[in-house]
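Reader: I've got a fold open on my screen and a handful of questions about it. Mind walking me through?

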Amino acid sequence: MDKSDLLNELRIGKEHRDDHAGGGSRLPWIVAAAIVLAVAIGAASWYFVAGGAKAFEVEVATAAAPSAGGADTSVLQATGYATARRSATVSAQITGTLTEVLIEEGDRVEKGQVLARLESTQQQAYLAQAQAGARAAQAQLVQFQAQLAQNQRDLKRQQDIVARKLASQQSLELAQTQVDTQAAAVTAQRKQVDVAQANVQAAQVQLDYTTVRAPFSGMITAKAAQVGEIVSPLSAGGGFTRTGVGTIVDMDSLEIEVDVNESYIARVVPKQPAQATLDAYPDWKIPAHVIAIIPTADRGKATVKVRIGLDAKDPRILPDMGARVSFFEDAPKAANTPPPKGVLVPGSAIVKRDGKDIVFAIDADRARAKPVTPGQTYNDLRLAEGIVAGTRVVKQPPAEMTDGAKVEIKSAK
């Protein structure tokens, strides 16, 4: 038997083939596999696109425009708020019902100016009673003084009579006793007059307490009570009882308090020149200086508080306004040169992705990759071109973060 006959015998004829191996029998399995794959892809798409992906919890920072002129001499930058060294919630010293409130927010008041008045009927009655008592005590003193004068005249006559042997020594001693007794009564009555005058002064003070006056000159920033409400220095402010009538702020005492990272606090010294920029007026540069470094640190934030004095007073500066302060080794140069290009962001916000420098800008609940060109470094801040001032960026993007990643902003503590 040759090889060709042997191969022919090994072939399987059509009549011996298994019908289940045919192409038509595999079609249902292929369709089922395709459906399962489509469902898996759809589920994955929903998970990552529809919000199933876990959000990155991040801290954000706001890109800020750099200072014009003198930016190259800045040794440190810090943020803080405008605060007033003299600020007071003005209240009455007694409990009473308001009959007049003479202030509104934004009013300028002078020291001693009347801000409000309380119901004073009771205090006026007490004052009238004390004044009447003082008058009665004074009248009684006059009566005692007149009796003393009469007793002194009687004593003088008795002395003459005794000298002529017309009366006994006992009568003279009795006259002397009456004079001494009446003199003591006059002295005691004078003390009663003093007590009555003190009562008048106390009643007058209580009456004065019904008038609320400004303790210093300043601006009214809050009106806390209305006519008809009860104010009390002892109340917790609940119900219809108020603890204060309004808040007054001495605008001339405004300064800026900033938190400086303790790693850089050695670069700050008292009287050091500085420059402040308000968030509300980013193009306005305010000359300033360091007043003092508060000798304590915040262990939670690892910062030290620094007081900054403003060399120029201006009505645009308001309490609690956000501000950024640049510290200088020498006095800052005049702002006659344009600011450097770009905006200032934390150096940690600029990361590498595929060989490119990017920042992740916050867009609603997503992080969008924005290519930037890094520039000069200022301590922990760095210039970046490619985004505008006011853009919120992720402060420290995780290595796993990609364009479009879902983010959740950490709440400030």
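Author: Sure, here are some questions and answers on the overall make-up, the cores, one sheet and the empty spaces; bear in mind that this is a predicted model.

Reader: Let's begin broadly. How many helices and strands does the protein have, and what percentage of its residues counts as buried?

Author: The protein has four helices and 25 strands. Among contacts between residues at least 6 apart in sequence, 75% join residues at least 24 apart. As for burial, the protein has 413 residues, and the share that counts as buried is 33%.

Reader: Which residues have the most contacts inside the largest nonpolar core?

Author: That core has 28 residues. Strands that each supply at least two of them include strand 13 (254-261), strand 16 (303-310) and strand 17 (322-328). Ile-308 touches, among others, Val-258, Val-290 and Phe-327. The residues with the most contacts inside the core are Val-258, Val-306, Ile-308 and Phe-327.

Reader: How many residues does the other core have, the one that lies apart?

Author: Look for Leu-98, Phe-216, Ala-225 and Val-231, which are among its members. The core they belong to has 18 residues.

Reader: Now the open sheet of four strands: which are its edge strands?

Author: The order is 4-12-9-6, with antiparallel pairing. An edge strand here pairs on one side only. That gives strand 4 (87-90) and strand 6 (108-109).

Reader: And in strand 12, which residue is the bridge partner of Lys-223?

Author: Strand 9 (residues 218-223) and strand 12 (residues 246-249) pair in the antiparallel sense over four bridges. Lys-223 falls within the range of strand 9, and its partner in strand 12 is Gly-246.

Reader: What are the classes of the residues that line the second largest cavity?

Author: There are two cavities of 30 Å³ or more in the structure, and the second largest holds about 30 Å³ of space. Gly-246 turns up again in its lining, together with Val-90, Ile-103, Leu-115, Ile-220, Val-245 and Thr-247. By class, that makes five nonpolar, two polar and no charged residues.

Reader: Last one, on the largest pocket. Which residues lie nearest its centre?

Author: About 2,100 Å³ of space lies in this pocket, and its lining has 22 nonpolar, 14 polar and 14 charged residues. Strand 3 (residues 74-84) gives the largest share of the lining, seven residues. Of the 50 lining residues, those nearest the centre are Val-60, Ala-61, Thr-62, Thr-79 and Lys-395.

Notes. Residues numbered from 1 in each chain as written. Predicted model: local features only at pLDDT ≥ 70, side-chain atom pairs only at ≥ 80, totals over all residues. Heavy atoms only, no water. 1 Å grid on protein atoms, 1.4 Å probe; cavity = no way out; pocket = protein on both sides within 12 Å on 5 of 7 lines; lining within 4 Å. Points joined across faces, edges and corners; volume = space filled by probe spheres on them. Helix = DSSP H or I, 4+ residues; strand = E, 2+ residues; numbered from the N terminus. Nonpolar A, V, L, I, M, F, W, Y, C, P; charged D, E, K, R; others polar. Core = buried A, V, L, I, M, F, W, Y, C linked by side-chain atoms within 4.5 Å. Buried < 20%, exposed > 50% of the residue type's maximum accessible area, 1.4 Å probe, protein only. Contact = heavy atoms within 4.5 Å. Pairing = 2+ DSSP bridges. Lists of a residue's contacts leave out its neighbours within four places in sequence.
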